[in-house]
Amino acid sequence: MNKFDLAGRRVWVAGHRGMAGSAIAGRLERENCELIEASRSELDLLRQADVEAWMKARKIDVVFLAAATVGGIQANLTRPAEFLYENLVIETNIIHGARTTGVKKLLFLGSSCIYPRMADQPIREHELMTGALEPTNEWYAIAKIAGIKLCQSYRRQYGCDFVSVMPTNLYGPGDRYDAENGHVVAALIMKIHAAMIANSQTVELWGSGRPRREFLFTEDLADACVFVMKNYSDEMFVNVGTGHDITILELAQSIAKIVGWKGTFTLNPSKPDGTPRKVLDVSRLRALGWSASTDFETGIKSAYQWYVANRA
């Protein structure tokens, strides 16, 4: 397969202010391409005509579609219409606009929540749509599945070079730090840091603490996305992760050690656990020549340092 060269291309990272998008934009600075940005005040991604007109006027060559409405279990449970509608509209507008304005290549970021709740572990790409989704995030998952199918259908019908990657749970600098609505790593960093500052001896964890999750540092995700953009062109999407998982309780204990908090965790079994286990089979991406390089402790230290410097 011929390598897709990013040098000299006009590249738009949709969602460049988010955790994943900002990491991708940072990684692209090494690719000798021209980064094109659009702030929320400049471009409303929910308006299709505006999106197409903006892309055409700026002669976009390449798109990394990282824009999304995101959040943790609580956000998904309380804002289902918002998660379904906004994600469907954003990805539809950008993917369709990429075809009508002649974009050379597009990469869509999905999510590992697309897979069935009880999928075989580690989860291979062909597990998609083989069973029921996890109820606590099905609205987001359905929107992301639609994005995958849009890319596949535009490739089939119009010959568009659109590819998709499915990242596992992400963490790192730029995450949304919200104890109620954020992702689990960011929420735990926030809660444990607050407990240390307040000299509190306990922190509550939702659920049983037993669910197993895989976590990927955002800089590794960004490097994988650039690698896939340059080296992969096929209808089948590609899992992006580490292939390793830990329990939520082990995650909390690891963060506590890095923060320097020596209290104890209390479990709240009245809160939902979500999927019992979720770890991706990343053999397809490894066979292409890419593997994650950031060890978990280094990644968590980086995320915590960013939080202390920018949010705490």
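The side chains of Asp-220 and Ser-293 are joined by a polar contact of 3.4 Å. This report describes a predicted model and starts from that residue.

**Asp-220 and its surroundings**

Asp-220 belongs to helix H7, which covers residues 218-231. Asp-220 is buried but takes part in no salt bridge. The nearest side chain of opposite charge is that of Arg-27, at 9.1 Å. Apart from neighbours within four places in sequence, Asp-220 is in contact with Trp-290, Ala-292, Ser-293 and Thr-294.

**Salt bridges**

The count of salt bridges in the model is 16. Three of them are set out below.

| Acidic residue | Basic residue | Closest N to O distance |
|---|---|---|
| Glu-34 | Arg-10 | 3.2 Å |
| Asp-223 | Arg-27 | 2.8 Å |
| Glu-134 | Arg-117 | 2.4 Å |

In the pair formed by Glu-34 and Arg-10, Glu-34 lies in strand E2 (residues 34-36) and Arg-10 in strand E1 (residues 10-14), so the bridge ties together parts that are 24 residues apart in sequence. Glu-34 counts as partly exposed because its relative accessibility is 40%. Arg-10 also falls in the partly exposed class, at 23% relative accessibility.

Arg-27, the residue named above as the nearest opposite charge to Asp-220, has its salt bridge with Asp-223. This pair links distant parts of the chain, with Arg-27 in helix H1 (residues 19-28) and Asp-223 in helix H7, 196 residues apart. Is Arg-27 buried or exposed? At 13% relative accessibility, Arg-27 is below the 20% limit and therefore counts as buried. Asp-223 is partly exposed, with a relative accessibility of 24%. Both residues belong to a network of salt bridges that links Arg-27, Arg-30, Glu-31, Asp-223 and Lys-230.

The bridge between Glu-134 and Arg-117 has both partners in the loop between E4 and H5, so it ties together parts of the chain that are 17 residues apart in sequence. Glu-134 is buried, with a relative accessible area of 4%, whereas Arg-117 is partly exposed at 30%.

**Aromatic pairs and a charge over a ring**

The structure contains 11 aromatic pairs. A pair of this kind is described by the distance between the ring centres and the angle between the planes. For Tyr-154 and Phe-162 the centres are 6.4 Å apart and the planes are at 25°, so this pair is stacked. Both rings belong to buried residues: Tyr-154 has a relative accessibility of 13%, and Phe-162 has one of 2%.

Tyr-171 and Phe-296 show another arrangement. Their ring centres are 5.8 Å apart and their planes stand at 70°, so the pair is edge-to-face. Tyr-171 is in strand E6 (residues 169-171) and Phe-296 in helix H10 (residues 296-310), so this pair ties together parts that are 125 residues apart in sequence. Tyr-171 is buried, with a relative accessible area of 1%, while Phe-296 is partly exposed at 26%. Ring pairs join these two residues with Phe-215 and Phe-217 in a cluster.

Elsewhere, Arg-99 lies over the face of Tyr-158, at a distance of 3.9 Å from the ring centre.

**Thr-168**

Thr-168 is placed in the loop between strand E5 (162-167) and E6. Thr-168 counts as buried because its relative accessible area is 4%. Which residues does Thr-168 touch, not counting those up to four places away in sequence? They are Ser-112, Glu-214, Phe-215, Leu-216, Val-240, Gly-241 and Leu-280. Phe-215, one of these contacts, is also a member of the aromatic cluster with Tyr-171.

**Backbone features**

Most residues other than glycine have a negative phi, and most peptide bonds are trans. The following sites depart from that pattern.

The peptide bond from Gln-121 to Pro-122 is cis, and its omega is near -15°. Pro-122 lies in the loop between strand E4 (105-109) and helix H5 (138-158). Met-129 is placed in the loop between E4 and H5 as well, and its phi is positive, near 60°. Met-129 counts as exposed, at 56% relative accessibility.

Lys-59 is not a glycine but has a positive phi of about 50°. Lys-59 sits in the loop between helix H2 (48-57) and strand E3 (62-65). With a relative accessibility of 59%, Lys-59 is exposed.

Key: Residues are numbered from 1 along each chain as its sequence is written. This is a predicted model: local features need pLDDT of at least 70, side-chain atom pairs count only at pLDDT 80 or more; totals for chains, interfaces and linings use all residues. Side-chain values use heavy atoms; hydrogens and water are left out. Helices (H or I, at least four residues) and strands (E, at least two) are DSSP runs, numbered from the N terminus. Buried means under 20% relative accessible area, exposed over 50%, partly exposed in between (1.4 Å probe, protein chains only). Lys and Arg count as positive and Asp and Glu as negative; His and the chain ends are not counted. A salt bridge is a side-chain nitrogen of Lys or Arg within 4 Å of a carboxyl oxygen of Asp or Glu. A polar contact is a pair of N or O atoms within 3.5 Å; within protein, one must be able to donate a hydrogen and the other to accept it, and residues adjacent in sequence count only if both atoms are side-chain atoms. Contact means heavy atoms within 4.5 Å. Rings of Phe, Tyr and Trp (its six-membered ring) pair if their centres lie within 6.5 Å; planes under 30 degrees apart count as stacked, over 60 as edge-to-face and the rest as tilted. A charge sits over a ring if NZ of Lys or CZ of Arg is within 6 Å of the ring centre and within 35 degrees of the ring normal.
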